[in-house]
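Q: I have a structure open and want a quick tour. Can we go through it piece by piece?

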Amino acid sequence: MDSMEWFGIMLVSYLISIWIVVILLIMDIIGVVLFFALLAILTLILFIPFIKIGGTEAYISNDTLHIKAPMVNLSIPLCTITQMEFRQEFKPGLRMFGYGGLKRGYGDFTNDEFSSYIYAGDSRIPRFIVIRYGKGKVTIFNYKDTESTETLYHQISAGTDAGPIISSDTTGSKKRRSKNVKLFVGFIVIGAIFIAAIAIIMLSVGHVDVSMDDDSITIDATMMKKDIRYDKIDHIELRDDFNAGKRVGGYSTPKFSTGNFKNAEFGKYKLAIHKGVMPVVVIYCLNGDVVVFNTNDPDCTRAMAEELNGHLKADVKLHDDPKLFLPSSACDEYLASSRIQLTYT
């Protein structure tokens, strides 16, 4: 398994994990804080090979050369090695994919001599093993220190009839580079499609549901659920003009704003509204909390405010608009209804 294949598996696993986390967020199984925490953890896991860089491990077992390093995990049967060489210096060239530091490099590299090849080396160790195997694949590496690299080279030589490196034989490497470029472009396209799909889903879903029973009002929205007992409410207001302020933790799309918000009037408060729809109902709780909501139907929002006001047995504070509580015929049935629980969206 080379670095591109290895990272491809990690990338697919990462995208699937992110997709699951997004679904959990949309279904309100996890909150926004936990969502970003999981996102950070998953991203950190993806880049662990770059953050914690170790050295190269190489050994022969069962007539197979094993080379393990960050972004490199190769098992090469000795019988497939056709050419090999021992060098005291080597210039890796450009990194195509993997890790490239000042002294060490791991992954897919390219230079004028070999075109595309796998590199797992440390320039501080002045010994390099160059191997061509299979269908023109090339791997260049060193291991632990000078003595260990030389010892391993002699062990490989004893187990194979490989000849010297022919630098002009780069057909397989060129094919490999072409393959890696196609894989890399494929990963980019898949990632872009995945991100676009998440963006579309996040912008298209959302809900604000409000229900009342004999004891409380429940506001159930994306990333926010609040159940408020009537005896915990100080008073309410019905407003036909409202500035939501900034979102500090929640959900916002062209259609909905829900979660934790902050403005100059209330400071931090809870919001669950359909954007562009007025009026809104402002609930002032006895403990100082403020909750703002509406439905997608202005008349039904007014009707629910009057119903809520009836449970509180107090006057709703209006804002210079005596018509705010004149529901249309669409809500007449609601006002005359004796149903215990009503839900509007």
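Q: Where is the place of Arg 127?
A: This is a predicted model, to say that up front. Arg 127 sits in the loop between strand 7 (115–122) and strand 8.

Q: Is Arg 127 buried or exposed?
A: Arg 127 is buried, because its relative accessible area is 17% and the cut-off for buried is under 20%.

Q: Which residues is Arg 127 in contact with, leaving aside neighbours within four places in sequence?
A: Phe 86, Arg 87, Gln 88, Asn 142, Thr 146, Thr 149 and Glu 150.

Q: Phe 86 again, then. What does Phe 86 stand opposite?
A: Phe 86 faces Ile 129 in strand 8. Strand 4 and strand 8 (residues 128–133) run antiparallel and are joined by 6 bridges.

Q: What order do the strands of that open sheet have?
A: The order is 4-8-9-7-6-5. The sheet has 6 strands, and the pairing is mixed. Strand 4 (81–87) and strand 5 (94–100) are the edge strands, and each pairs on one side only. On average, neighbouring strands here are turned by 15° against each other, direction ignored.

Q: Which strands does helix 4 lie across?
A: Helix 4 (residues 146–158) lies across strand 4, strand 8 and strand 9 (137–141). Its direction is at about 155° to strand 4.

Q: Back to strand 8. Is Arg 132 buried or exposed?
A: Buried. Arg 132 lies in strand 8 and has a relative accessible area of 1%.

Q: What side chain does Arg 132 make a polar contact with?
A: The side chain of Gln 83, at 2.7 Å.

Q: Next sheet. What is the strand order in the one that includes strand 13?
A: The order is 13-17-18-16-15-14. This open sheet has 6 strands with mixed pairing. Strand 13 (233–239) and strand 14 (246–252) stand at the edges, each with a single partner strand, so one side of each has no neighbour in the sheet. Neighbouring strands are turned by 15° against each other on average, direction ignored.

Q: In what sense do strand 16 and strand 18 pair?
A: Parallel, over 3 bridges. Strand 16 covers residues 267–274 and strand 18 covers residues 290–293. Leu 271 stands opposite Val 292 in strand 18.

Q: What does helix 6 lie across?
A: Helix 6 (residues 298–312) lies across strand 13 and strand 17 (280–285). It runs at about 160° to strand 13.

Q: What should helix 6 span, and why?
A: It should span 21 Å, because helix 6 has 15 residues at 1.5 Å a residue. The end C-alpha atoms are 21 Å apart, which agrees.

Q: What caps the N-terminal end of helix 6?
A: Asp 297 does, with a side-chain oxygen 2.9 Å from the backbone nitrogen of Asp 299. Asp 299 is among the buried residues of helix 6, which also include Cys 300, Arg 302 and Leu 308.

Q: Any odd backbone spots? Where is the cis peptide bond with omega of about 10°?
A: Between Met 278 and Pro 279. Pro 279 lies in the loop between strand 16 and strand 17. Most residues other than glycine have a negative phi, and most peptide bonds are trans.

Q: And positive phi? What is the value at Asp 63?
A: About 60°, although Asp 63 is not a glycine. Asp 63 is in the loop between strand 1 (57–61) and strand 2 (64–69), and is exposed at 59% relative accessible area. Ser 115 has a positive phi of about 65°. Ser 115 is in strand 7 and counts as buried at 4% relative accessibility.

Q: How many residues lie between strand 11 and strand 12 in their hairpin?
A: There are 2, and Met 223 in the turn has a positive phi of about 65°. The strands run antiparallel over 6 bridges, with Ile 219 opposite Lys 226 in strand 12.

Q: Last topic, confidence. What pLDDT does the chain average?
A: 80, with 75% of the residues scoring at least 70. Among the elements, strand 18 has the highest mean pLDDT (97) and strand 19 (residues 342–344) the lowest (38).

Q: Where is the pLDDT below 50?
A: Over residues 314–345. That stretch has 64 contacts in the model beyond near neighbours in sequence. Where pLDDT is low, the predicted coordinates should not be read in detail.

Definitions and conventions: Residues are numbered from 1 along each chain as its sequence is written. Side-chain values use heavy atoms; hydrogens and water are left out. Two strands pair if DSSP finds at least two bridges between them. Helices (H or I, at least four residues) and strands (E, at least two) are DSSP runs, numbered from the N terminus. Axes are lines fitted to C-alpha atoms, for helices over the stretch in contact, and angles run from 0 to 180 degrees between N-to-C directions. Contact means heavy atoms within 4.5 Å. pLDDT is the predictor's confidence in each residue, from 0 to 100. Buried means under 20% relative accessible area, exposed over 50%, partly exposed in between (1.4 Å probe, protein chains only). A polar contact is a pair of N or O atoms within 3.5 Å; within protein, one must be able to donate a hydrogen and the other to accept it, and residues adjacent in sequence count only if both atoms are side-chain atoms. The expected span of a helix is 1.5 Å times one less than its number of residues.
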